[in-house]
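Student: I have a model with bound ligands open on my screen. How do I read the ligand sites and the empty spaces?

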Amino acid sequence: MTQPVAASTVRTTCPYCGVGCGVLASPDGQGGAMIAGDTDHPANFGRLCSKGSALGETLSLENRLLHPQVDNAQVSWDAALDTVAGKLRAVAEEHGPDAIAFYLSGQLLTEDYYVANKLAKGFIGTPHVDTNSRLCMSSAVAAHRRAFGSDTVPGCYEDLDEADLIVLVGSNTAWCHPILFRRMADAKARRGTKFVVIDPRRTQTAEESDLFLGIRPGTDTALFSGLLVYLSDNGFRDRAFIDSHTAGLDGALDRARQIAPDVAAVAAVTGAPEADIAAFYALFAGTRRVVTAFSQGVNQSAQGTDKGNSIINCHLVTGRIGETGMGPFSLTGQPNAMGGREVGGLANMLAAHMHFTPEEVDRVRRYWGAPRIITGEGMKAVALFEAIARGKIKALWVMGTNPLVSMPRADAIRESLAGLDLYVVSEAVADSDTARGLGKTTVLLPAQAWGEKDGTVTNSERRISRQRRFLASPGEARPDWAALADVGRRLGHGKAFAFDSAAAIFREHAGLSAYENNGTRDFDLGALADISDAAYDVTLPVQWPIPKRSGFRGAPQGKARLFGDGRFYTFDRRARFVAVQPPALALAASPAFPLMLNTGRVRDHWHTMTRTGKSQRLSAHRAVPFVEIHPDDAAAHGLAEGDIARLSTEHGAAELEVTVTDTVVPGNLFMPMHWGGAFASQARVGALVRGMTDPVSGQPELKATPAAIASVGYRARGFLLTRRQVAMPEGWWWARAAITGGWGAQFATADSSRAVALMVRGLIQSEALSGCELAEYADHTRNRYRCAVYDGDRLVACLAYAPAGERPDWEAAKALFAAGVPDAAERRALLSGRAATASAGPVVCACHGVGADVIATTIAGGAASVEAVGAACKAGTNCGSCIPEIRKMLAGQTACAA
Ligand SMILES: Nc1nc2c(c(=O)[nH]1)N[C@H]1C(S)=C(S)[C@@H](COP(=O)(O)OP(=O)(O)OC[C@H]3O[C@@H](n4cnc5c(=O)[nH]c(N)nc54)[C@H](O)[C@@H]3O)O[C@H]1N2
Ligand SMILES: Nc1nc2c(c(=O)[nH]1)N[C@H]1C(S)=C(S)[C@@H](COP(=O)(O)OP(=O)(O)OC[C@H]3O[C@@H](n4cnc5c(=O)[nH]c(N)nc54)[C@H](O)[C@@H]3O)O[C@H]1N2
Ligand code: SF4
Ligand SMILES: [Mo]
């Protein structure tokens, strides 16, 4: 039974993480929409996390790219595509087709991805097509292929509901896959499922665990090698499964014994206590229904593929795969990481889970009618961008990703772009770091964004869902596939690129997956190969494989689990144990860079913030880019909470606010990956990280870069609230966040209060604020300044400036700014800096906008559980993403009281 919804409500899929939650979007007719969870969707059953719930706040057209541009001038689509096609042809003639590269994204729809891959590999004839998924889960792909002979995720989300033990390795699930984490928490409540978390940081996920192993970065293979030895030596081998369905145990076990002969050796390498390691091994050994879920702490590693195989080895030796409630589970990050793998978007794949054997190349050549199809692998992301610097790549088309923030050594990449003959960026926003014109010929192509485009995405459990259009297409934005197909036609391949709809592309893609397949390849959408336009609109979501023979019977039935029959996709249908290398991450930091920089995500922002940065709710949880440092290291470097620090590595630098916390271990630093040039003065993560690549997958190490940290002595700190975005002065440290009713920037500056007062007067005389009234408080001898700007009664801007040690708090001012028209007492409070009313403190619950101070007061007032806090102040009652933080506050305050 499907839930009845209003006629104007559209069922679609969340564009953020790989959980792939179903969303109901009800357009308001003015370019916005009401957003709710789809109770019929099997990924989320109606729930949405903070990011999904706030999707409605990200739909405005502010900063959107709405028209094609060539070299910063607006042009017609025809002119832009003529430039692209003409330059591609010229580059191919002069330097060969392999001087052309495509850098794609796990956020493209499958249909966009399919056309890009077909155009590049089949018709332009360049193998250099890679994607940001190289940075995301290519190590998991490589580990799957080594173990299973195919890139197959064996299990499904239901296994998390049905497991008795969930081991989370290098995954901050509570923040990065929140709805799956809620499913896990439900399982814990229902059947007592135990959580083990393995991470060098004590994350919110770790706070919720039964056992936390705080290992040294890069040492996971030692931990899981030790587990393999333990399972083998203590009678936990599944002999029947090993004998009938696997190969290579002896070699893998020999190597594991060398790396991790016993628990003491594992403790020495990982730094985790022996007793905890022993407890983990005993728990794993004694629990049949165990899922080991892993993400970037495993994948984004110089030895990520080995990390993945060391995990899979433990599932194979116990035969725990392919059945309910068990298996290794790669949590994919992006909404369509899986779709990219399906079409062959990675440089080491061809298409439809086929690679480069002569038979496979020939098969795809015939299916596409592509005589110039490439016959071997192309360069992977890191190598591809290095090749631009060496002049080997002359044309680059970037689509749906922001590499000048997210690629390692991004400053060097930025410089190298100047050497391109053609630089094309397909983007939804105009101000991404990557979209700001840099190459010789820069073409910007406006892409339809979420809500405007139509197509499919595949989530972590192989489930294909529809993203459906519910908004009008703004400006001249078009689907990415349409721009690609137009270029294909311009290059003379009219027949191959005659697509007129996303459905037509999907049919061809599904057809290829089934073409001469007969059960030899895992990826098979045969039952959908001749899906009608009408059915494409209604039948999905469905899990693959769905071969033709599985039949329709009303709706196509996919397959929840694979390998239950013990048959894998290697030539002998046996899974492989893999002998892994010992951990080799150079932990000995150099004198110049004595610390190790780890990077990752925060709860409420998505990647480079081009969308979540528009939401005030999502910007309240963490408003400035920060670096986490252990108290001992902070003391040694003369850093205190809230200071601005300069973080530097061999490759680049950033300036970040210091957060002193013992959730990171001594010697480690953590910075978020989110703040690009539009949101902060200098906080691009890619500028700092070194990105050594994994030898098998080519995935760069993004979790461990030697770094140095030093305090930056700014004279003053402050904030500026404005109705519209204003450019911040050169030389200031600043970070911008959406707030209710406008934009807020926190800043640090070397300028005096006098200079800032003068600057404010300049602003008042500018067009934006002309005719407004300025109210000021200045005490220049004590380096203090505050002002408020009124348009009639309405507060339109305010600024606070104080000596750096004081860091003016902005919560009270933000509340007045949101309300709009302050009364006399509130006006005075704005200038004095003393709050007229108690502020709510920094936001913890993004959905209901409940601050930490309110929650603390609620707890002090007797609320002793998450439920009681929710009943009293609503915090944690919607999406639940903040429940771990509330639980931590409860524990803290109870401890204080005791
Ligand atoms: N809120 C939010 N959610 C997201 C995203 C987002 O941008 N914001 N992005 C999505 C995407 S694309 C992805 S790929 C996923 C990523 O999801 P996660 O992988 O959960 O996120 P990260 O924070 O990148 O890294 C996870 C953890 O790996 C740990 N780690 C670092 N080094 C090691 C190590 O050597 N061993 C182990 N065991 N752990 C280590 C880090 O400390 C960190 O806590 O999130 C998805 N969901
Ligand atoms: N140091 C460090 N670096 C990392 C990571 C890390 O943990 N640490 N994580 C890595 C991982 S796992 C990932 S997935 C990447 C993510 O990094 P990116 O892919 O670079 O980040 P996004 O901000 O998601 O970039 C997507 C871009 O596509 C645009 N866009 C949105 N919709 C569309 C559309 O329909 N069409 C087109 N053409 N464009 C669109 C958005 O505006 C945005 O600019 O970062 C990687 N880099
Ligand atoms: S967990 Fe959150 S971000 Fe991920 S798909 Fe669901 S609603 Fe979207
Ligand atoms: Mo990712």
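**Ligand sites and empty space**

Tutor: Start with one contact: a polar side-chain atom of threonine 401 sits 2.9 Å from an oxygen atom of ligand 2. Keep in mind that this is a predicted model.

Student: Which other side chains make polar contacts with ligand 2, and at what distance?

Tutor: Take glutamate 427 and lysine 453. A polar side-chain atom of glutamate 427 is 2.3 Å from a ligand 2 oxygen. For lysine 453, a side-chain N or O atom lies 2.4 Å from an oxygen atom of ligand 2. Now look at cover. On its own, ligand 2 has 920 Å² of accessible area, and the protein covers 98% of it.

Student: How many residues surround ligand 2, and which come nearest?

Tutor: There are 31, with Gln107, Ser406, Glu427, Lys453 and Thr608 nearest. By class, the shell around ligand 2 has eleven nonpolar, 15 polar and five charged residues. Domain 2 (69–136 + 336–550) and domain 4 (589–711) each give at least three residues to that shell.

Student: On to ligand 1. Where are its polar contacts?

Tutor: Check the side chains, then the backbone. Arginine 201 places a polar side-chain atom 2.9 Å from an oxygen atom of ligand 1. Aspartate 220 has a side-chain N or O atom 2.6 Å from a nitrogen atom of ligand 1. Glycine 297 uses its backbone: an N or O atom there lies 3.4 Å from an oxygen atom of ligand 1. Alone, ligand 1 exposes 910 Å², and the protein buries 99% of that.

Student: Which parts of the fold build the shell around ligand 1?

Tutor: α6 (173–176), α14 (296–299) and β21 (595–600) each supply at least two residues. At the domain level, domain 3 (138–330) and domain 4 (589–711) each contribute at least three. The shell around ligand 1 holds 34 residues, the closest being Gly218, Asp220, Ser295, Arg601 and His605. They split into ten nonpolar, 16 polar and eight charged across the whole shell.

Student: What surrounds ligand 3?

Tutor: Read the list for residue types. The shell includes Cys14, Cys17, Cys21 and Cys49, along with Tyr16, Lys51, Pro178 and Ile179. Its residues divide into nine nonpolar, two polar and one charged. α1 (50–53) and α7 (178–191) each supply at least two of them.

Student: Now the empty space. How is it found?

Tutor: A probe the size of a water molecule is rolled over the atoms, and this shows where empty space is left. Here, the largest pocket has a volume of about 1100 Å³. Its lining has 40 residues, and those closest to the centre are His621, Arg622, Glu641, Thr659 and Pro842.

Student: Which element gives the most to the lining of the largest pocket?

Tutor: β24, with four residues. Other elements supply at least two each, among them β22 (626–629), β29 (742–749) and α32 (883–897). The lining of this largest pocket counts 17 nonpolar, ten polar and 13 charged residues.

Student: How many cavities of 30 Å³ or more does a search of the whole structure find?

Tutor: Seven. The second largest cavity encloses about 140 Å³. It is lined by 15 residues; Thr58, Leu59, Arg64, Ala449 and Arg611 are the closest to its centre. By class, the lining of the second largest cavity has eight nonpolar, three polar and four charged residues.

Conventions: Residues numbered from 1 in each chain as written. Chains lettered and ligands numbered in written order. Predicted model: local features only at pLDDT ≥ 70, side-chain atom pairs only at ≥ 80, totals over all residues. Heavy atoms only, no water. Near = heavy atom within 4 Å. Nonpolar A, V, L, I, M, F, W, Y, C, P; charged D, E, K, R; others polar. Polar contact = N/O pair within 3.5 Å; in protein donor to acceptor, adjacent residues only side chain to side chain. Areas by Shrake-Rupley, 256 points an atom, 1.4 Å probe, with all protein chains shown as cover. Domains from an automatic or database assignment. 1 Å grid on protein atoms, 1.4 Å probe; cavity = no way out; pocket = protein on both sides within 12 Å on 5 of 7 lines; lining within 4 Å. Points joined across faces, edges and corners; volume = space filled by probe spheres on them.
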